[in-house]
Amino acid sequence: MRKALISVFDKTGIVEFAKSLHSLGWEIISTGGTSRTLKEEGIPVVDIADLTKFPECFDGRVKTLHPNVEGGILSVRDNENHKKQMCELGIEPIDMVVCNLYPFKQTILKDGVSHEEIIENIDIGGPTMIRAAAKNYRFVTVVTDPEDYEKVIGELNEHGDTTHKTKEWLAAKVFIHTSHYDALIADYFSKKLDIKYPKTLTLTYEKKQDLRYGENPHQHAAFYTSVRGTEGTLTHARQLHGKELSYNNIGDADGALETLKEFDEPTVVATKHANPCGVGSAATIAEAFQRAYEADPVSIFGGIVAANREIDAETAQEMAKIFLEVIIAPSFSLEALDILSKKKNIRLLQLDNIGKTNRDTLKAKTVLGGMLIQNSDTELLNQEDVKIVTKRQPTDAEMRDLLFALKVVKHTKSNGIVIAKDLCTTGVGPGQVSRIWALENAIRQGRDNITGSVMASDAFFPFPDCVEAAHQAGITAIIQPGGSVKDQESIDAADKYGIAMVFTGMRHFKH
C-alpha cells in the first residue's frame, strides 16, 4: 500500500483530496490538526506518532523530524543499499508528501503582532519534509499548493502515478516556495535589527500579473509586488476601468506617483516616459489639472496623470477631452467615473493612501551581472543647509515656486531642469547629457510662459552658462544644490543680472 503523509496548515480542499487518495488505495499518515480534520470526515488516518513511535512534543514543535519520516521520504528506491538499510531499520517508504507551511507571511502582516507570535510561525518540520521530497522527486510526489490537488488526482486516476514531468515540476515549486519563505524570514530579521545591506541579499516578490509584453513587443514581462510596505503604491491600486496595464504604463505611473507624493496641496502630475511633463497645484483638483495640462498640452497626450484628490465631474470632463493612458487618484466620483468610462482605452486606477511615502523602501536597479541597492530618496532638503548666496533675496512668492520646482526636478531624469511659476511647471528639461541643453529644452518648451518663472536644477552648475541663459529667458530666481568648484562664477553672474540664487546642499540625481 502506497503511503501519503499529509500535514497542512491551509486545509483548503484537503478533505476531498484525502478522500480521493483513500479511494485509490493509499494509506494516509497525518499530524495534529490535519489528522483531526480528516478523522472527523471519516477518513482512516495513521497518526504520525504511530509511525515514529515517538509522541509529538514541545507544543507541536517536534513531530515529523524523525528517521522514520525523513528516511521514508529520502530513501532511493532503486538503490540496493538503501533498500537493505530500510529493511534493517524498519523504515517504510513514503510515496507522497502533502504539506503547506505555517503562515509566516500572514503573521508578519497582522497589526500589532508580537515578535513571539512571529517566531512561533516559522515552520521547521514542514520545509524539511517538502525539501526532502523534492530532492527525491523521482520517487516521491510532493504537493504544496491546493491548486495542484486536481492535477495530481487526475494523473493518479489516469496513470496510477504522477508522471516524471509532473513530479519534477512539483519539486521545482517546492524550492521556489521555500526560498520565498526563508527570504521573508531573513527580511523580517534584517528590518528588526536594521541590517540594511547584508553580506548576501535575497529579495523575494510575489507575482501580481503577467504582462502582454515588456518595454517592446518582442520582450516578455511580469509585474511583481513586495510582500510588505506596499501601501500607497501601484501594487495596491484597484483598476476600475480599461484594459490591463502594460509594462510601460506601470513604469510611467510609478514615476507619476513618486512625484505626486512630494505634494500635500491639491496637485496633478502628468508624466511621459516616467518624466514629469506638467505639474500643477491649486485650490481645487480641477484647477490643478488645468494647470498641469496647460504646462505642456503636447506632451500630456497619451500620458499618465496622477492626482492626490478625488476626481470630480468637472475635472473628468476636462480630462475626457484628450487621450490619456492612465489616471490614478484616491477616488472618483460616480459622475466622473461615468464620464471617463465612456473612453474605452483609458485605465482608471483607484489608490487609497496615495500620499503615503513608504520611507523605508529600498530602490533596486539591475546591471549586467549584478544589482545596485539604495534607500529611497525621501528627503527634499535640510533646512539648516539652505543658503541664499546672492545679494538679492528671493521673494516669498519666488521661494514658494522654487520649492515647488525643486520637488518636480527631484523626480526628473538627470540632467534635469524644471522651470515653474505660480505653482505650475512652465518648462521641463529632462535627461540631457549637458545641463545647458536641459535648460535650453525647458525654455524652448515653455516659450512665452517662461518670463517671471523660477528654475530648479537637480545638481550644481559647472559653468555660469545656465545663469546666462536663465537671464535671457526672463527667469528671476534659481535653486540648486551648489558644490561646484566654480560656484562663485554662477553666483557672480546671478548678482550681475539681479537673479536670486538658493543653494540647498543636497543633490537629486535620478539616473
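Start at the second largest pocket: select K105, D145, H177, H180 and E206, the residues nearest its centre among the 22 that line it. Three elements each supply two or more lining residues: α6 (104–108), α10 (164–192) and β6 (206–211). Colour α10 separately, since six lining residues come from it, the most of any contributor. The model you are viewing is predicted.

Now show the pocket as a surface. Its volume is about 710 Å³. How do the lining residues of the second largest pocket divide by class? Ten are nonpolar, six polar and six charged.

Next, select helix α1 (residues 14–23) together with helix α9 (residues 149–159). Draw both axes. They lie 10 Å apart, at an angle of about 10°. Angles under 35 degrees count as roughly parallel, so α1 and α9 are roughly parallel to each other.

Show side chains where the two helices touch. From α1, pick I14, F17, S20 and L21; from α9, pick Y149, V152, I153 and L156. By class, this contact has seven nonpolar residues, one polar and no charged ones. An α-helix has 3.6 residues a turn, so residues three or four places apart point the same way.

Last stop: helix α12, residues 285–295. Select I285, A286, A288, F289, A292 and A295, which are buried. What covers these buried residues of α12? Turn on the strands β9 (267–272), β10 (275–281), β11 (303–307) and β18 (425–429), then the helices α13 (313–319) and α16 (435–446); the cover includes each of these elements.

Key: Residues are numbered from 1 along each chain as its sequence is written. This is a predicted model: local features need pLDDT of at least 70, side-chain atom pairs count only at pLDDT 80 or more; totals for chains, interfaces and linings use all residues. Side-chain values use heavy atoms; hydrogens and water are left out. On a 1 Å grid over the protein atoms alone, a cavity is a set of points where a 1.4 Å probe fits but cannot get out, and a pocket is an open set with protein on both sides within 12 Å along at least five of seven lines; lining residues have an atom within 4 Å of a point. Grid points are joined across faces, edges and corners, and a volume is the space filled by probe spheres set on the points. Helices (H or I, at least four residues) and strands (E, at least two) are DSSP runs, numbered from the N terminus. Ala, Val, Leu, Ile, Met, Phe, Trp, Tyr, Cys and Pro count as nonpolar, Asp, Glu, Lys and Arg as charged, and the others, Gly among them, as polar. Axes are lines fitted to C-alpha atoms, for helices over the stretch in contact, and angles run from 0 to 180 degrees between N-to-C directions. Angles under 35 degrees count as roughly parallel, over 145 as roughly antiparallel, 65 to 115 as roughly perpendicular and the rest as oblique. Contact means heavy atoms within 4.5 Å. Buried means under 20% relative accessible area, exposed over 50%, partly exposed in between (1.4 Å probe, protein chains only).
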